[in-house]
Structures are given as C-alpha cells and as structure tokens.
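Colleague: I am new to this model and would like a close look at one part of it, the salt bridges. Please go through them pair by pair, and add whatever helps to place them.

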Amino acid sequence: MRIMLDFEECLKDSPRFRATIEEVEGDVCELETKLDKLVKLCIGMIDAGKAYNAANKQFVNGIRELAQQSTKDEVIESSLTKFAESLQEMINYHTILFDQAQRSIKSQLQTFMKEDLRKFKDAKKQFDKVSEEKEAALTKNAQAPRNKQHEVEEATSILTATRKCFRHIVLDYVLQINVLQSKRRSEILKSMLSFMYAHLTFFHQGYDLFSELQPLMKQLGGQLDQLVVDAAKEKRDMELKHSTIQQKAALQDFSNDDTKLEYNVDAENGIAMEGYLFKRASNAFKTWNRRWFSIQNNQLVYQKKFKDVPTVVVEDLRLCTVKHCEDIERRFCFEVVSPTKSCMMQADSEKLRQAWVKAVQNSIATAFREKGDDGEKLDRKSSTSTGSLDSSGEPREKSLKGDSALQKVMAIAGNTACCDCGQPDPRWASINLGITLCIQCSGIHRSLGVHFSKVRSLTLDTWEPELLKLMCELGNGVINQIYEARREELGARKPHPGDPRHEVEAYIKAKYVERRFVRRPSDDELKLKVVSLSKQEKRLSNNSEPLPPRAPPPTPTPKQRPASGASAAAGIEEVRRESLFGADELDSLFSYFDTSSKLRSIKSEDSGIQRSADGSREMLANNASTNSLNDTEAAVEAEAEAEAPSCCAEAEVCKEQVVFSEPKEYSPGLQLYWASCARSLPDMAQALAHGAEVNWINADDDKRTPLIMAVHGGSLVTCEFLLQNGAGVNQQDVHGRGPLHHATILGHTGQVCLFLKRGANQNAADIDDKTPLSIAVEAANADIVTLLRLAKMNDEMREAEGPYSQSGDETYQDIFQDFSQMASNDPDKLNRFQPYDSSKQ
C-alpha cells in the first residue's frame, strides 16, 4: 500500500498526521520483514540449485564413464557422449540462472534494505527524539510562573528553538517516507522482472538445445526397435549353442585329463609351451600355489594374472636340469634345478608331468644348439642383476647393455677367451673377479656362491659404468697371473673347450676356492710390496697435474697406474656455489641435465686417461690394455723416481694427508689397505687371493678399512671393487666415521652416490655427532647435500609404502643413475664442491 504524506500537514503536527505516521511506520516494518524472508528464501534456493548442479555433474560424469567403457560399441559411445554434452550444457544454463537470481533478487533487495530502509530508520529516530524534546519544551513553557520573568524568557527561548528544529526534522522525515514509498515499487519490480527474464532465457536456451538433439533422438528410437529384435535373436542362438555344448559335455569322460599340451619351439608368439602348474614356495611354510607357467625365449616363467609381469624361474634353461620327484607326498611333481636355486612344481596328472618334463628337456637341447647371439633375444623384463640400482631389471638409457658392454670388455687383451677353459668368444663375466667366462664355466662359478664369484651376462644384463670400468681395470690376464702363478710348477692341466664338466668344475674349485695355484709371497716380498704401494700413494697424493702421455710398448700395452689429482682451482671457482640452500640446491641438481653446460669431460686422446669424479684419473673403458702386475710395478718404480709437480693449495685442503708408518707386521690385509689407497686394482686382487680380509682393520691408523682408504685414494672403481668383494659399506673407524663420512668430508660426489646406492647409512653420526648431511651442509657442498636429501626422501617413501615396496621412487633412481654416469664418463661436472674445512670439527 502506498501512503503519501502532506508537507503542510506535518507542520501542524495534528493527530491526523501522527496517525498517518504510525500507519507508515508499521507498513515499512512489515515490508522489511517480508523482504528479509524473501532474500533468505532466495539464498536457500541458490544453495539448493548449486547442490543440484553438483549432483547433476556427477551424473553426467557417470554417463561419460559409461561411454568410455563402451568404446567397442560405436552407437552407444557416440549417443552417450552426445547426451552427456547436452546435459552439461543444461547444467551450464542452470548455473547462469542461479547467478542471475543471486544478482537480481539477493543483491538488489539486500542493497535496498541496507541503504533505503536504514535511512528511514535513522530519520525515524531523529523524529521521535525531537518530538519528545518539543513536548518537554511546551510543558516547561506552560509551567513558567508569571512573576519570574527570567524563567518565562528562558522557557520561551527553548520552545522557539525546539519548534524550529522540529519543523526542519519533520520535513526531512516526511521527505524520506515519500521517497521510500516511491522507490520500493521500482526496486521490487526491477528485481523480479530481471529474475523472470532469466527464467525465460533459460527455458529458451533449453528448447533450442533439445531441438537440435531431437533428430538424433528420433534416429536412436528407430534403431532401438531393431536392437530389441536383434537381441532376442542372439538370445535364441546362444541358448541353442549352450544346449548343444551341454549335450556334448554329458558324453565326455572326466576321469582322465583331456588337456592337450604340445611342445612347439617354432610358435609364432615365442611360447614353446604353457599351462597351469602348482609351485612350491621357498618360504618356511612351503605352501603350494597354482600359477600359469610358460617356456619362452629359453626361460621358464610364470604369472598369477594375465597382466602381471612374468616372474622368471629359470633365467637360462641351458644352466639347469629337470628331474622327477617321487620322494615327496604329492603326486605328479618334478623339479627344475639351476646353479643358484631349485623350483618344485606339480602337474595335474602324470600325462601333464611327462609333457612338461619333456618340454623343459627339449628347450635345454634347443638352447644349446642355437648360436650364442640368439641368447640376446631373451626377455629380461623380470630379471635382476647383482648390484643394479634398478631392481625391476628394465634397461636404462644411460647404462650399457649388449654389444656396447661386450665390445668394451672384449677390448682388454686376454678377455677374448674364457679365463678358465679358453673357450673363444665368452659371453659371461665374474664382476668381482673382473674376468670373462663361457656359458659352462659361468654355471660352475654360480654354483660356487656369490662370496666367491658373482656372474653376470655381457649381452643380457645392464652394466653400470663403474662396473664396466672395473672389468676394464682387471681382465683375464691379470687374474690368471695371480690365480695360476704356480699351475705349471705344480703340473696342473688347464681345461680346454669341450672337456667334461666335472673336470672343469674340479679345476675351477681348486683355482678360486682352494687357491691352490696362488704363489704366496715371502715376508720380504710382502714388505717390499707394501712399501712400494705406500710410496706410490704418496706420489699420487702430491701430484695434481695429469701425467704426460707415454707411448705404449709394441706388445701388450701395460695399463697406466691411476693417479690422483684435485681439480684446478680456477675450474672449481667457476662452478662453486656460495649457498647450498633453496635455489642453489635445485640449481645443483638440475644443472647436471643442462646439455648446454660449459663443463665438459677433459679427456686425453693420446693417453686414454680422464679425470674421475673425485679428482683421480682412471683409464677409459674403451681403451684396450693388458694389466700386467710386473709392468705395473715397473711403471710405479719409474714414475716414483720422476720429479712430481707440487701440490696445489686446493688439493691440500680437499684431501687429508695419509702417512705411512712402520707396521708391527706385514700382512696381505696391509697390502690390500695400501693398494686401495694407491688405486691399484691388480695389487688389490692379489692381496685378496693371498687371503686378505676385505674388511681388514688397521689398528695403527685409526682402525681404518681398505674401503675408507679407497675413498682417500679418490677412485670410484677401487671402491666398487671392494664393495663387489663384500666390503662393509657402514664399517666405521675410531672416530665413528664410515666411508660415507670420509667421502663427504673429501667432497667426493661420485663416491657418495656409489655408497648411497649400495645401502650406506646416511643417518650414522660420528663421535662429534656429525652425520654426512651435517658435514655436507657445513662444507656448503650443494651437490652432496642434494644426493643425501634425495636418498633420505626415497627411504622415507619406501618406509611409508611398507615392507613390500619396490626399490623406491623412479625419479630418485634416474637421478642417481645420471650421477653415476657422470662420475665415470663426465667427471668434471661433479668437480664443483667447496672443500670441507676439517678445523671446524
């Protein structure tokens, strides 16, 4: 209801004016209540609409997922996709409608209530106040006594001022009421009209959308009738087939197994035979599980589910044998025995057992008839390699495999024939001995156990760069000089290709297990060797420049002795990091993968020597050479007499001085100790053959081990050789520091990476309560800090995943493999550390 007030009437302040004012005030109060209720209902509608849209979106997503699941049915996929798109458009229209409702109803009416109605309330308060003051002034004026002139004058003055103020405020109040009455009509109609137009647009858009969809709906309606007819026909056909097969099955005799299994070596899919077998687990409970077995690519594999990666039971059938098992309780059992393990399996019947045994035997015979090169086709997806960082066995781009590793190892003189029997073109290797082997000798080496020999394929396995360089540092010539030194003297016959297996096996056990042909040194010889190695280490410690290349002799070239040297100070300053936190750590990590890096590996084409990641210099893997012990010692003697260049200040800070003191007694362990520091792998192998303990402790030198001395020697390959031969990666010296501590103190990034890969405990603290990470942080070595933190993060991820987690994060493995690659092939990228100041300890 619209009520307009007269300005003349308000000046009179008559009862009629007062009644009209009360009526207007009541109407405005009711208007405020109704508008507030309408705004709250609008908010509820908008919230319900948003919830409806959210549920509708989930429904549309369900339609899309159903369409994706029906990709093989083009009609259903295309129809559901089109319907989902249309419904999504309707959801968008709904969203627009609710947004318009929020703007037109909620926002506009709330603004009207907050601004216009609030002004009305403020004017009403002033009007009520001045009305009370006017009444009080009139009362005081009426009560003023006649005989007190000053009181009469005061009351008259107050009344005059109050009347003047009342007239001013009442006129403003009436104006506010009339404006409000006029504006309420336009605001309410404006908001509702906007809301109704939003509905009109919504339904118009919906109509247009479904008008476009209508032809498709009519087309599908016609197809639906045909689909119903076709479905009924297919149902009748399937019922007929079901009845026919059921009648045939009723006539079959299930007392005997009717499964037909045939061995087919020429199968197109490469699977010679496959079927279900029970497999006995290797755990303590010896449980039996049914698995799907297959013979493919000269391997026996099984899988639980079709999509599972096959698990390799026998990596190479040429190394195994098969036999019946009649001495256990279960029937139809047979066993496949390899040099490292055996696997017990059970068929469903005697017929199936005979078929599997025959298939395995035929596969073994076929594998031996094939050429050696055919072995490269073996599926390595489920194979693991000793010492490999990637436990899944999948080939990495930057690890050598196949012909690449074979060519580098074969380039070493003496490696072109088997180390034990002379069989040409060997395809296997013992990585802890550094020799090449034929297929038969590799099987015998496997049977010795990994504490004697760790066998790996040169063509099938993945080779880390440090392992490949280890193989190139040794070779058949060096090892045979050690392990066959007294063979001719004792009159022992060395096997030849084609000799019976038992003869070859007896010779290999005498050679490596009993060490029957090793020549034991006298005390004087041992003392001379140790002193020579200590002098060699001292010379290498003082030499910071590359040795000049020497012309190789015409006959087998002796391998040049690795020499130590710190990187040039200018080169280090070029890449030194001022801070190891924040951006510098990330820069340290990602700069390794910047192909435009200014750092490049400094290689000498004449000498074939490159600097290692830790400041040492090691022979490149692709240079062929013969590692003669005698030639090595002669080279050491000659170089020791030469004048060594002075040590640069950087090297003095980076590397602790190792001082030789006269020991209480000379032993093979002491030879291994100093050979590790001098980076002489042939002398290290000789010490192990003489009975040196790989974890020998030098009580006269802070209880250090050969592995710790190898760290001080700066050679990555020397550390790898000791680790492959069972060196303890966490064995500590008298100061509580393990190899990882020493590598961190010296800033040897490549060695830190190697020790972390081999399971070094990065949380171990020394007697000063310093961990490798705290040492690296104090030395501001961002490279090593990055490696340690990545390893720690990977360990935490594996712990969170539980005891059955895999080898860890794939990114972590990739980064560590890149570090290993650079440590061996591009070491200058790692020569960027700030030397650790030992005085801070």
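Modeller: A residue is called buried under 20% relative accessible area, exposed over 50%, and partly exposed in between, with a 1.4 Å probe and protein chains only as cover. The model is predicted, so local features are reported at pLDDT of at least 70 and side-chain atom pairs at 80 or more, while totals for chains, interfaces and linings use all residues. Residue numbers start from 1 along each chain as its sequence is written, and side-chain values use heavy atoms, without hydrogens or water.

Some background first. The chain has 841 residues, and 47% of them are buried. It contains 25 helices and 15 strands (DSSP runs numbered from the N terminus: H or I of at least four residues for helices, E of at least two for strands).

Now the part you asked about. The structure holds 30 salt bridges, each a side-chain nitrogen of Lys or Arg within 4 Å of a carboxyl oxygen of Asp or Glu.

Start with Glu350 and Arg353, whose side chains form a salt bridge with an N to O distance of 2.8 Å. Both residues belong to helix H5, which covers residues 350–369, and they sit three residues apart, about one turn of the helix. The two partners differ in cover: Glu350 is partly exposed at 31% relative accessible area, whereas Arg353 is buried at 4%.

Another pair within a helix is Lys509 and Glu505, with 3.5 Å from N to O. These two residues are four positions apart in helix H11 (residues 501–513), so about one helical turn separates them. Here Lys509 is partly exposed, at 36% relative accessible area, and Glu505 is partly exposed too, at 23%.

The next pair is Glu778 and Lys770, whose side chains meet in a salt bridge of 2.9 Å, N to O. Glu778 is partly exposed, with 26% relative accessible area, while Lys770 counts as buried at 16%. Apart from such pairs, salt bridges with shared partners link Asp420, Glu484, Arg487, Glu488, Lys494 and Lys511 into one network.

A further charged residue to look at is Glu466, in helix H8, residues 465–473. Glu466 is buried, with a relative accessible area of 2%. Its side chain is joined to that of Lys757 by a polar contact of 2.7 Å (N or O atoms within 3.5 Å; within protein, one able to donate a hydrogen and the other to accept it, and residues adjacent in sequence counting only if both atoms are in side chains).

Last, the cysteines, for links of another kind. A disulfide is taken as two cysteine sulfur atoms within 2.5 Å, and by this rule the count is zero. Cys325 shows how one case fails: the closest cysteine sulfur, in Cys333, lies 6.7 Å from the sulfur of Cys325, which is too far for a bond. Cys325 itself is buried, at 5% relative accessibility. Cys42 is also buried, and its relative accessible area is 5%.

To put the part you asked about together: the pair in helix H5 joins a partly exposed Glu350 to a buried Arg353, and the pair in helix H11 joins a partly exposed Lys509 to a partly exposed Glu505.
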